[in-house]
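Let's take a walk through this model together, piece by piece. Keep the structure open as you read.

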Amino acid sequence: MNILVIHGPNLNLLGMREPEIYGHTTLEDINALLQKRATEAGASIDFLQSNHEGVLVDAIQKATDRYDYIILNAGAFTHYSIAIRDAIAAIKPPVIEVHLSNIYQREEFRHNSVIAPVALGQISGLGAGSYLAALEAILWKADLR
Ligand code: DQA
């Protein structure tokens, strides 16, 4: 079981970025939590963060033969990147879309995800728990719990 976690733009700033919305947990904390749980379950997990749309598209394309699942927080690209949506639609591994904040409780422009229609599912609003819930769902599906 090989899982790729992709963090999009501005998520490298977690911990200091709008803590009233995103909390004080850093990206390193989230990755460490996921790494610990994946190792415990015998799954392999890799991490990537980029602020650049093309880098994310390249990573999604390359994931097709190397990973069984992708956990993706596309950040603001969630709301308008047709390029990321098309990359997800083009590859084999299912993508679970995650958000730290509840995008439906925020500004109206965040209510629409162009990724959701091509994702396996979406988890929004649970903070770092959104990523952990996505990982648990994958482990559950793969019978690795
Ligand atoms: C986010 C929500 C997006 O609307 C925002 O642009 C982000 C983070 C989240 O994790 O809550 O960068 O994806």
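Start with Glu-18, which is partly exposed, since its relative accessible area is 36%. You'll find Glu-18 in the loop that links E1 to helix H1 (19-22). What's odd here is the backbone: Glu-18 isn't a glycine, yet its phi is positive, at about 35 degrees. Most residues other than glycine have a negative phi. Do keep in mind that you're looking at a predicted model.

Asp-143 does something similar with its backbone: another non-glycine residue, with a positive phi of about 60 degrees. Look for Asp-143 in the segment after H5. Is Asp-143 buried or exposed? With a relative accessible area of 71%, Asp-143 counts as exposed.

Now for the sheet. Five strands make up an open sheet, and reading across you get E2-E1-E3-E4-E5, with parallel pairing. The edges belong to strand E2 (44-49) and strand E5 (121-124); each has a single partner strand, so one side of each has no neighbour in the sheet. On average, neighbouring strands here are turned by 20 degrees against each other, direction ignored.

Zoom in on strand E1, residues 2-7, which pairs with E2 in the parallel sense over six bridges. E1 also pairs with E3, again in the parallel sense, this time over five bridges. Leu-4 is a handy place to see both pairings: Leu-4 stands opposite Asp-46 in E2, and Leu-4 also stands opposite Ile-70 in E3. Val-5, for its part, sits opposite Phe-47 in E2. In a regular strand the side chains alternate between the two faces of the sheet. How much of E1 is covered? Mostly all of the strand: five of its six residues are buried. Helix H3 (residues 53-62) lies across E1 and E2, and runs at about 170 degrees to E1.

Move over to strand E3 (residues 69-73), where you'll meet Tyr-69. Tyr-69 counts as buried because its relative accessibility is 13%, and buried means under 20%. What does Tyr-69 touch, leaving aside its neighbours within four places in sequence? The contacts of Tyr-69 are Met-1, Asn-2, Ile-3, Leu-4, Pro-93, Pro-94, Leu-120, Ile-138 and Lys-141. Leu-4, the residue paired opposite Ile-70 in E3, turns up in that list. Ile-138 is worth a pause too: Tyr-69 and Ile-138 are 69 residues apart in sequence, but their C-alpha atoms are 7.5 Å apart in space.

That brings us to the helices. Helix H2 (residues 27-41) packs with helix H5 (residues 128-141) at an angle of about 20 degrees, and their axes are 10 Å apart. An angle under 35 degrees counts as roughly parallel, so that is the label for H2 and H5. Their crossing is right-handed. Which residues meet where H2 and H5 come together? From H2 you have Ile-30, Leu-33, Leu-34, Arg-37, Ala-38 and Ala-41, and from H5 there are Ala-128, Tyr-131, Leu-132, Leu-135, Glu-136 and Leu-139. Sorted by class, this contact has ten nonpolar residues, two charged ones and no polar ones. Arg-37 in H2 and Glu-136 in H5 are among the residues that meet there.

Terms used
Residues are numbered from 1 along each chain as its sequence is written. This is a predicted model: local features need pLDDT of at least 70, side-chain atom pairs count only at pLDDT 80 or more; totals for chains, interfaces and linings use all residues. Side-chain values use heavy atoms; hydrogens and water are left out. Axes are lines fitted to C-alpha atoms, for helices over the stretch in contact, and angles run from 0 to 180 degrees between N-to-C directions. Helices (H or I, at least four residues) and strands (E, at least two) are DSSP runs, numbered from the N terminus. Angles under 35 degrees count as roughly parallel, over 145 as roughly antiparallel, 65 to 115 as roughly perpendicular and the rest as oblique. A crossing is left-handed if the near helix is turned anticlockwise from the far one by less than a right angle, and right-handed if clockwise. Contact means heavy atoms within 4.5 Å. Ala, Val, Leu, Ile, Met, Phe, Trp, Tyr, Cys and Pro count as nonpolar, Asp, Glu, Lys and Arg as charged, and the others, Gly among them, as polar. Two strands pair if DSSP finds at least two bridges between them. Buried means under 20% relative accessible area, exposed over 50%, partly exposed in between (1.4 Å probe, protein chains only).
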